[in-house]
Amino acid sequence: MRVNEGQVTVTVPEQPDAGKGADVFFNPVQELNRDLTVATLRAYRKRTPRVGTYLDATAASGIRGVRAAADGWETSLCDVDDDAVALCRENLEDNGLEGEVHHENANVLMHSEAFDVIDLDPFGTPIPFADAAIQGTKHLLCVTATDTAPLCGAHFESGVRSYGAVPRNTEFHPEMGLRVLLGAMVRTAARYDIAARPVLSHATSHYVRTYLEFDHGAKVANDCIDELGHVYYCQRCLWRESERGLIADAPETCPHCGEHVQTAGPIWLARSCEPEFVQSVAEEVTEEMGTAKKARELCETLAGELDTPTHYDQHRLCKRWGRGAEAMDTFIEKLRAAGYEASRTHYSGTSFKTDADVEAIRDATAE
């Protein structure tokens with residue numbers, strides 16, 4: 001099957017369903033992910049002009065690497081599967097592009113060579129590749145995780161095993177998954193005296209994606225560790241609070257309703273995007289991208305999100321309070337009129353962030 005994306009046309013497997021025995025996986029739903037990747041690479045190259053080498057570490061059909069090569073990157077593609085390697089070579093050749101294709105385990109390659117940018121987009125969790133990817137990246141590490149159930153706490157034990165954190169299945173579960181992934185990557189990088197700071201992150205269509213810029217040194221790595229901490233959360237009244245530090249010190253009961261409080265962490269509590277960089281990414285989105293409109297809208301929302309570690313869902317709150325929901329713009333304006341900061345978020349059409357606590361939200365938005 002032939003697929004057109006951006007500036008390239010590539011051959012991908014007829015059935016993108018791994019359950020039918022396909023060894024080379026292609027997910028058409030992630031076109032937005034790939035379009036944003038191209039725009040991010042363009043913006044990052046302007047931010048850091050010395051970068052030039054790019055590795056598509058778990059390449060499958062090679063569509064990420066082929067698109068990077070078409071955009072002028074010195075590209076390498078890697079996969080352990082025979083069919084994937086053949087497809088990568090075919091897709092480079094069919095588009096008249098140069099690139100080095102490695103037929104080996106991505107961990108072996110990333111431990112033996114270093115690249116300015118590494119793109120890690122495996123099937124499922126990226127954690128088995130995290131150590132090698134961090135050691136093989138010079139400047140920017142792009143990471144996708146599609147195991148959202150473990151990340152968000154729906155598959156609790158799997159999440160604990162994979163990410164070394166306690167995830168909780170909350171109404172802000174997409175952000176929980178994002179921050180669990182960020183926390184795991186930051187801790188892994190810190191072991192090598194590397195500070196990994198997210199410049200763009202989003203949770204979209206059952207996957208989490210983040211772009212981590214690297215700085216080297218024990219002090220800056222320690223600074224990143226200081227941004228880890230815990231979220232305390234009440235399932236009954238939806239109160240929550242965050243606290244930095246690797247040791248949790250949760251209240252015995254919810255200070256609002258007296259019910260049990262859940263603890264999640266350690267997770268990343270600092271900003272998950274750099275607004276100025278996100279705006280520069282939006283400027284690099286071009287019309288040949290199939291998801292251009294959606295990509296720009298996502299960037300606009302990301303750049304405007306408040307810097308708080310959790311978000312609320314208006315419908316969930318109003319249901320708990322026994323009242324009807326209202327237009328999101330009206331709801332947010334009520335919060336702002338009451339003196340609080342508030343913004344919409346990219347997690348859903350009814351989600352928002354604010355510096356008001358749950359009781360203040362209820363009072364500020366009451367009729």
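How many cavities of 30 Å³ or more does a search of the whole structure find? In this predicted model, the search turns up three. The description below starts with the largest of these cavities, moves on to two open pockets, and ends with a small group of paired strands.

The largest cavity holds about 80 Å³ of space. Its lining includes a run of neighbours in the numbering, A270, R271, S272 and C273, and a further stretch made up of E305, L306, D307 and T308. R179, L302 and K353 complete the lining of this cavity. Sorted by character, the residues around the largest cavity comprise five charged, four nonpolar and two polar ones.

Turning to the pockets, the largest one offers about 670 Å³ of space. A total of 31 residues line the largest pocket, and those nearest its centre are T58, A60, D121, P122 and F123. Among the elements that contribute to this lining are helix α2, spanning residues 63-70, and strand β4, spanning 74-79, each with at least two residues. The lining of the largest pocket divides into 16 nonpolar, eight charged and seven polar residues.

The second largest pocket encloses about 250 Å³. Which element gives the most to its lining? That is α11, with four residues. Helix α11 covers residues 292-304, and strand β8, covering 194-204, also supplies at least two residues of this lining. Among the residues that line the second largest pocket are K294, E297, L298 and T301, together with A203 and T204. L32 takes part as well, as do R344, T345, H346, S348 and G349. Here the division is six polar, three nonpolar and three charged residues.

A last feature to look for is an open sheet of three strands, arranged in the order β11-β10-β12 with antiparallel pairing. The edge strands, each pairing on one side only, are β11 at residues 240-244 and β12 at residues 262-268. On average, neighbouring strands of this sheet are turned by 20 degrees against each other, direction ignored. Strand β10, made of residues 228-233, is joined to β11 by five bridges, and these two strands run antiparallel. To find one of the bridges in the structure, the reader may start from Y233, whose bridge partner in β11 is R240.

Definitions and conventions: Residues are numbered from 1 along each chain as its sequence is written. This is a predicted model: local features need pLDDT of at least 70, side-chain atom pairs count only at pLDDT 80 or more; totals for chains, interfaces and linings use all residues. Side-chain values use heavy atoms; hydrogens and water are left out. Two strands pair if DSSP finds at least two bridges between them. Axes are lines fitted to C-alpha atoms, for helices over the stretch in contact, and angles run from 0 to 180 degrees between N-to-C directions. On a 1 Å grid over the protein atoms alone, a cavity is a set of points where a 1.4 Å probe fits but cannot get out, and a pocket is an open set with protein on both sides within 12 Å along at least five of seven lines; lining residues have an atom within 4 Å of a point. Grid points are joined across faces, edges and corners, and a volume is the space filled by probe spheres set on the points. Ala, Val, Leu, Ile, Met, Phe, Trp, Tyr, Cys and Pro count as nonpolar, Asp, Glu, Lys and Arg as charged, and the others, Gly among them, as polar.
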